[in-house]
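Subject: Structure handover

Hi,

Here is the structure I said I would pass on to you. Have a look at it first, and then read my notes underneath.

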Amino acid sequence: MENFHDLLLTRHSIRRYTDTPIEADKVKAILEAALLSPSSKNARSWQFVVVEEPEVLGRLSECKPNYAASVKNARMAVVVTADPEKSEAYIEDATAAAILMHLQAAALGVGSCWVQVRGRFAADGEPSEDIVRDILGIPRHMVVECIMTFGYPDETRRPVDPAKLMWEKVHIGTWKPEQAD
């Protein structure tokens, strides 16, 4: 990657992965990115569960009917949790950690995808968080924000065309109602 801007233009959510294992130094770098993430008042309300066992990844992929299938095909998943007792900004803390892992993976040539868990439900109506907690033994007071999947991409995506950025979503100085849509 030439620079951070190029990384942003080429980064995509990847849902199909090869069988190639992720090297230990890259796994460590991805996890370090999470541990280096900013958190409100430096509370570090997040905690992470790393999952590499295919059988467990398969079970986690059943936590919701849509968009969780990529979990079973990943070489690794990181379940991002946060403790609401440690910070009122626990969701933001977890989100910052997840996105930094996503960007670090992209910089290393590893694909990743955010699978939302908090506020989602399985086909039978059971909260996705409860399913993930039960599979991994996560304490009830911890919020399960998402599952980040990782692996080498088995799909090719084109870089974003900067000419297609939605600049109408940017308001300078004050809100421009004619721009809001």
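Below is what I found in it, going from the whole chain down to single residues.

First, a caveat: this is a predicted model, so please read everything below in that light.

**The chain overall**

The protein chain has six helices and four strands. Starting at the N terminus, the order of the elements is α-α-β-α-α-β-α-β-α-β. Along the principal axes, the C-alpha atoms fit a box of roughly 50 × 40 × 35 Å. Does the radius of gyration agree or disagree with that of a compact globule? It agrees, because a compact globule of 181 residues would come out near 16 Å and the protein chain has 17 Å.

On burial, 41% of the 181 residues count as buried. The accessible surface of the chain is about 10400 Å², and carbon and sulfur atoms account for 53% of that. As for contacts, if you take those between residues at least 6 apart in sequence, 77% of them link residues at least 24 apart.

**The largest pocket**

You will probably want to look at the pocket next. The largest one has a volume of about 190 Å³. Its lining is made up of 14 residues, and Thr10, Arg11, His12, Ala106 and Val110 are the closest to the pocket centre. Three elements give two or more residues each to this lining: helix H1 (4–10), helix H5 (90–107) and strand E3 (111–116). By type, the lining splits into six nonpolar, six polar and two charged residues.

**Helix H6 and what it packs against**

Which residues of H6 are buried? They are Ser128, Glu129, Ile131, Val132, Arg133 and Ile135. These buried residues pack against H3, strand E2 (76–82) and E4.

Arg133 deserves a stop of its own. It sits in helix H6 (residues 128–136), and it counts as buried because its relative accessibility is 8%, under the 20% cut-off. Setting aside residues up to four places away in sequence, Arg133 touches Ile138, Pro139, Arg140, Met142, Val143 and Val144. After H6 comes Gly137, which has a positive phi, near 70 degrees.

**Strand E1 and the loop before it**

Val49 belongs to strand E1 (residues 46–51). At 25% relative accessibility, Val49 counts as partly exposed. Apart from neighbours within four places in sequence, Val49 is in contact with Ala77, Val78, Val79, Leu136 and Ile138. One of those partners, Val79, is 30 residues away from Val49 in sequence, yet the two C-alpha atoms are 5.0 Å apart. Ile138 turns up twice in these notes, as a contact of Val49 and as a contact of Arg133.

The loop between helix H2 (24–35) and E1 holds Lys41, and Arg44 is in the loop between H2 and E1 too. What is the sign of phi at Lys41, which is not a glycine? It is positive, at about 55 degrees. Arg44 also has a positive phi, near 50 degrees, and is a residue other than glycine. Lys41 is exposed, with a relative accessible area of 79%, whereas Arg44 is partly exposed at 46%.

**Two more residues to click on**

Pro54 lies in helix H3 (residues 54–60). With a relative accessible area of 61%, Pro54 is exposed. From Pro54 to Arg75 you cross 21 residues in sequence, and the C-alpha to C-alpha distance is 7.8 Å.

Lys176 is found in the segment after strand E4 (143–151). At 23% relative accessibility, Lys176 counts as partly exposed. Lys176 and Val132 are 44 residues apart in sequence and 42 Å apart in space, C-alpha to C-alpha. Val132, for its part, is one of the buried residues of H6.

That is everything from my side. Shout if anything is unclear.

Cheers

Definitions and conventions:
Residues are numbered from 1 along each chain as its sequence is written. This is a predicted model: local features need pLDDT of at least 70, side-chain atom pairs count only at pLDDT 80 or more; totals for chains, interfaces and linings use all residues. Side-chain values use heavy atoms; hydrogens and water are left out. Buried means under 20% relative accessible area, exposed over 50%, partly exposed in between (1.4 Å probe, protein chains only). Contact means heavy atoms within 4.5 Å. On a 1 Å grid over the protein atoms alone, a cavity is a set of points where a 1.4 Å probe fits but cannot get out, and a pocket is an open set with protein on both sides within 12 Å along at least five of seven lines; lining residues have an atom within 4 Å of a point. Grid points are joined across faces, edges and corners, and a volume is the space filled by probe spheres set on the points. Ala, Val, Leu, Ile, Met, Phe, Trp, Tyr, Cys and Pro count as nonpolar, Asp, Glu, Lys and Arg as charged, and the others, Gly among them, as polar. The radius of gyration is taken over C-alpha atoms; the globule rule is 2.2 Å times the number of residues to the power 0.38. Accessible areas come from the Shrake-Rupley method with a 1.4 Å probe; for residues, only the protein chains shown count as cover.
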